[in-house]
Amino acid sequence: MYHATPAIFNRLLNWLFPDRCAGCRQLTGDLFCAACRKQLRPFPPFPPPAGLDGAWVAFRYEGALISAIHQLKYGRRRRVAHALGDLLAAAAGPLVADALIAVPLHHDRLRERGFNQAAELAGRLRQAGGPPLLEGLVRIRSTQHQARLAANARAANVTGAFAWNRPTPPPPHLILVDDVFTTGATLAACATALRAAGARSVGAIALARSLIDDSVVQ
């Protein structure tokens with residue numbers, strides 16, 4: 001009896017039920033279509049904010065990418081992270097670190113959403129040959145949505161919100177992974193917790209950041 005391989009089965013499903021692009025919402029068969037990928041613009045280099053040893057962002061938070069990120073996070077289209085994570089991995093190139101750590105969600109937010117979008121992106125970086133993906137950083141208290149706060153209130157909102165919950169310290173050199181970079185307050189708070197547990201350097205990589213201001217939705 002003939003048995004279809006998973007790849008053939010997936011192609012058959014995509015032919016029968018083509019994916020709707022998370023960027024333009026068209027039935028293109030891709031989770032983020034070629035036309036939307038052509039719209040992506042790289043985010044320019046910028047100095048890391050206080051608390052981070054380095055920071056890098058792949059794309060400007062605009063156009064089709066905003067729609068795709070919202071589909072991922074609020075539309076709960078988990079598979080969109082596969083397409084966006086692969087784009088992030090291709091833009092980033094080789095990553096040098098002992099491990100990747102996804103910015104964690106509070107357990108209430110995680111239960112509501114069903115998955116951590118930062119962890120999904122980090123998993124694609126790992127699959128693309130990046131450093132190991134390490135768990136152990138947790139959000140120990142719920143915080144307000146950063147986007148609802150003024151920039152000068154965001155650091156206070158996340159101060160002390162993270163902790164390392166493993167009995168052994170984290171490795172020395174780490175890269176935090178997030179979907180959207182705003183002021184960097186959340187990433188800096190994560191880095192503080194990791195250094196307190198024994199890390200020596202903590203950088204950050206994110207999929208997108210607004211070039212206009214820091215008012216994007218997180």
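**Figure 1. Pairing of strands β5 and β6 in the predicted model.** In this predicted model, strand β5 and strand β6 (residues 201-209) run parallel and are joined by 7 bridges. Within this pairing, Val 180 of β5 has Ala 208 of β6 standing opposite. The connection between the two strands passes through helix α8 (residues 185-196), and the β-α-β crossover that the chain makes in this way from β5 to β6 is right-handed. Of the 8 residues of β5, which spans residues 173-180, 7 are buried, so the strand is largely enclosed by the rest of the structure.

**Figure 2. Pairing of strands β2 and β5.** Strand β2 (residues 99-102) is joined to β5 by 4 bridges, and the two strands run parallel. In this pairing, Ala 99 is the residue that stands opposite Leu 174 of β5.

**Figure 3. The open sheet and its edges.** Four strands form an open sheet in the order β1-β6-β5-β2, and their pairing is parallel. Strands β1 (54-60) and β2 lie at the edges, each pairing on one side only. Averaged over the sheet, and with direction ignored, neighbouring strands are turned by 20 degrees against each other. At the β1 edge, the parallel pairing of β1 with β6 extends over 6 bridges, and here Gly 54 stands opposite Gly 203 of β6.

**Figure 4. Helices α3 and α6 against the sheet strands.** Helix α3 (residues 63-73) lies across β1, β5 and β6, and runs at about 110 degrees to β6. Helix α6 (residues 117-127) lies across β2, β5 and β6, and runs at about 125 degrees to β5. Helix α3 is mostly covered, with 8 of its 11 residues buried. These buried residues of α3 are Ala 64, Leu 65, Ser 67, Ala 68, Ile 69, Gln 71, Leu 72 and Lys 73, a list in which Gln 71 and Lys 73 appear together with residues such as Leu 65 and Ile 69.

**Figure 5. The salt bridge between Asp 19 and Arg 79.** The side chains of Asp 19 and Arg 79 meet in a salt bridge, with a distance of 3.1 Å from N to O. The pair links distant parts of the chain, since Asp 19 belongs to the loop between α1 (6-16) and α2 (34-39), whereas Arg 79 belongs to the loop between α3 and α4 (80-92), 60 residues apart. With a relative accessibility of 14%, Asp 19 counts as buried because the cut-off for that class is under 20%. Arg 79, by contrast, has a relative accessible area of 44% and is partly exposed.

**Figure 6. The salt bridge between Glu 120 and Arg 78.** Glu 120 and Arg 78 form a salt bridge in which the closest N and O atoms are 2.8 Å apart. Glu 120 is located in helix α6 and Arg 78 in the loop between α3 and α4, so this pair ties together parts of the chain that are 42 residues apart in sequence. Glu 120 is buried, its relative accessible area being 17%, while Arg 78 is partly exposed, its relative accessible area being 41%.

**Figure 7. The salt bridge between Asp 108 and Arg 111 within helix α5.** The closest N and O atoms of the salt bridge between Asp 108 and Arg 111 are 2.7 Å apart. Both residues belong to helix α5 (residues 107-113), and because they are 3 residues apart there, about one helical turn separates them. An α-helix has 3.6 residues a turn, so residues three or four places apart point the same way. Asp 108 counts as partly exposed at 35% relative accessibility, whereas Arg 111 is exposed, with a relative accessible area of 60%.

**Figure 8. The protein chain as the setting for the close-ups.** The secondary structure of the chain comes to 8 helices and 6 strands, which follow one another along the sequence in the pattern α-α-β-α-α-β-α-α-β-α-β-β-α-β. Of the 218 residues in the chain, 46% are buried, and the accessible surface comes to about 11,100 Å², with 57% of this area belonging to carbon and sulfur atoms. Among contacts between residues at least 6 apart in sequence, 72% join residues at least 24 apart. A search of the whole structure finds 7 salt bridges, among them the pair of Asp 19 and Arg 79.

How values were computed. Residues are numbered from 1 along each chain as its sequence is written. This is a predicted model: local features need pLDDT of at least 70, side-chain atom pairs count only at pLDDT 80 or more; totals for chains, interfaces and linings use all residues. Side-chain values use heavy atoms; hydrogens and water are left out. Buried means under 20% relative accessible area, exposed over 50%, partly exposed in between (1.4 Å probe, protein chains only). Two strands pair if DSSP finds at least two bridges between them. A crossover is right-handed if, with the strands pointing away from the viewer, the path from the first strand over the helix to the second runs clockwise. Axes are lines fitted to C-alpha atoms, for helices over the stretch in contact, and angles run from 0 to 180 degrees between N-to-C directions. Contact means heavy atoms within 4.5 Å. Accessible areas come from the Shrake-Rupley method with a 1.4 Å probe; for residues, only the protein chains shown count as cover. A salt bridge is a side-chain nitrogen of Lys or Arg within 4 Å of a carboxyl oxygen of Asp or Glu.
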